[in-house]
Amino acid sequence: MRDEEYMQRALELSLKGNPSPNPYVGAVLVRDGVIVSEGYHSRAGMPHAEVEVIRGRDCRGATLYVTLEPCSHFGRTPPCTKAIIEAGVSEVVYAAEDPTGKVRGREELEAAGVTVRGGVLREAAERVNEVFFKYSRTGIPFVVLKCAMTLDGQIATSTGESRWITGEAARNHVHWLRSRYDSVLVGAGTVLSDNPRLTARVDGGRNPLRVILDGRLRIQPDAAVFADGNVVVATTGGKNLSKVKTIEEKATVWVFNGDRVDVTELVRRLGGMGITSVLVEGGAEVYTEFVEAGLVDKFIVFVAPKLMGGVNTPILKGKAIKSLKEAVGLMFWDVRLVGEDVLVEAYPTRQTMTPKSI
């Protein structure tokens, strides 16, 4: 039981970092049943969690709990296994095996006489690092559909008004989400109607790559989203060469063949440039394309205590279904209040995940 308690603490610590494209990793050093040191991987290129907790400490006879199998290779930082062995750690307990295929941490530690045990809170650790695990195994970004809707499933009025469906606490949480994902994607309609910056306005946060899905190249070069140039515009407007050149002064432009941007190919291209995750923020047509393409790995939905009634803008468009068998099945993972709104996190049922709180 104490193993799970220590690993639970390591998982909580891991979420204090923001290390993309690296995984979230936390660690605690325990001697005689007492935690003597704690740490986490804060940013890519910074020391790993294991190094943070053992550095400058006498680790003889101590047990190191870490949420991911310690690395055994040189990357931006030296291998953690070497530091663990040299520090004299007696035992290492980790939650999940590394999915990259590069790590032989357990083998190296055991060869040096360190006792190693794995699999403690494995499912919870894999959930914390769901982005890292998918991208490491497939090279395809983890896709999250985020939306705000009323209790009757509307995301905007009949005139397109959507500010603000949710309260301030929910909107602040969205900024935190943006700081955690590598990219944010919206359609041209969202840019034209709301003129958002799509930045992460939180202390210590990092701004994501902004991706604009604009098949007809309707957005204007003075849009707020172009403030820093960290933008990709996906379009089929290749014939409008003068407009393409104008936008290219503000952003990277990807021109796709056909009448519509192929969102599956778009996601693959983002993965090819090292983007590990995509936060899809709307609007309804974009949501529909991603759902119909089977690209969504997770849903994050804010439900506001409001009713619109009538025919406005539902979260999804597309063809009406005739049977409930055609509905997209979801598995609720978390449901909680954020200010005055309800936050629902859910996964498509095609994913085999067992809910477990961290």
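This report covers strands, cores, cysteines, one helix, selected residues and backbone geometry in a predicted model.

The model is predicted, with local features needing pLDDT of at least 70 and side-chain atom pairs counting only at pLDDT 80 or more, while totals for chains, interfaces and linings use all residues. Residues are numbered from 1 along each chain as its sequence is written, and side-chain values use heavy atoms, with hydrogens and water left out.

**Strand S3 and its partners**

Helices (H or I, at least four residues) and strands (E, at least two) are DSSP runs, numbered from the N terminus. Strand S3 spans residues 63-68. Of its 6 residues, 6 are buried. Buried means under 20% relative accessible area, exposed over 50%, and partly exposed in between, with a 1.4 Å probe and protein chains only.

Two strands pair if DSSP finds at least two bridges between them. S3 and strand S1 (residues 26-31) run antiparallel and share 4 bridges. Here Val66 of S3 stands opposite Ala27. S3 and strand S4 (residues 91-96) run parallel, joined by 5 bridges. Leu68 has Ala96 in S4 as its bridge partner.

**Two nonpolar cores**

A nonpolar core is a set of buried Ala, Val, Leu, Ile, Met, Phe, Trp, Tyr and Cys residues joined through side-chain atoms within 4.5 Å. The largest one has 38 residues. Met7, Ile54, Leu64, Tyr65, Ile84, Val89 and Val92 have the most contacts inside it. At least two residues of this core come from each of helix H1 (2-14), S1, helix H2 (49-54), S3, helix H3 (80-87), S4, helix H5 (122-128) and helix H6 (130-138).

What does Val89 contact, leaving aside its neighbours within four places in sequence? Its partners are Ile54, Cys59, Ala62, Leu64, Ile84 and Val114. Contact means heavy atoms within 4.5 Å. Another core lies apart from the largest one. This other core has 33 residues, among them Val211, Phe256, Val261 and Val301.

**Cysteines**

A disulfide is a covalent bond between the sulfur atoms of two cysteines. The search criterion is a pair of cysteine sulfur atoms within 2.5 Å. Across the whole structure it finds 0 disulfides. Why does Cys80 not bond to Cys71? The Cys71 sulfur is the closest cysteine sulfur to that of Cys80, but at 3.6 Å it is too far for a bond. Cys80 is buried, with a relative accessible area of 0%. Cys147 is also buried, at 1%.

**Helix H7**

Helix H7 (residues 168-180) has 13 residues. From first C-alpha to last it reaches 19 Å, close to the 18 Å expected at 1.5 Å a residue. The expected span is 1.5 Å times one less than the number of residues. Its buried residues are Ala170, His173, Val174, His175, Leu177, Arg178, Ser179 and Arg180. The buried residues of H7 pack against strands S6 (142-150), S8 (183-187), S12 (277-282), S13 (298-304), S15 (330-338) and S16 (341-348).

**Asp194 and Leu213**

Asp194 is in helix H8 (residues 188-194). It counts as partly exposed, at 21% relative accessibility. Not counting residues up to four places away in sequence, Asp194 touches Ser162 and Arg163. Ser162 is 32 residues from Asp194 along the chain, with 8.5 Å between their C-alpha atoms. The side chains of Asp194 and Ser193 make a polar contact of 3.4 Å. Such a contact is a pair of N or O atoms within 3.5 Å; within protein, one must be able to donate a hydrogen and the other to accept it, and residues adjacent in sequence count only if both atoms are side-chain atoms.

Leu213 lies in strand S9 (residues 209-213). It is buried, at 8% relative accessibility. With residues up to four places away not counted, Leu213 touches Val186, Gly187, Ala188, Ala234, Val261, Val263, Leu266, Val286 and Glu289.

**Backbone geometry**

The table gives cis peptide bonds and positive phi values.

| Residue | Backbone value | Loop |
|---|---|---|
| Pro21 | cis bond from Ser20, omega near 10° | between H1 and S1 |
| Gly283 | cis bond from Gly282, omega near 5° | between S12 and helix H11 (284-292) |
| Asp32 | phi near 55° | between S1 and strand S2 (34-40) |
| Leu121 | phi about 55° | between strand S5 (115-117) and H5 |

Asp32 is a residue other than glycine, and Leu121 is not a glycine. Is each one buried or exposed? Asp32 is exposed, at 73% relative accessibility. Leu121 is buried, at 12%.
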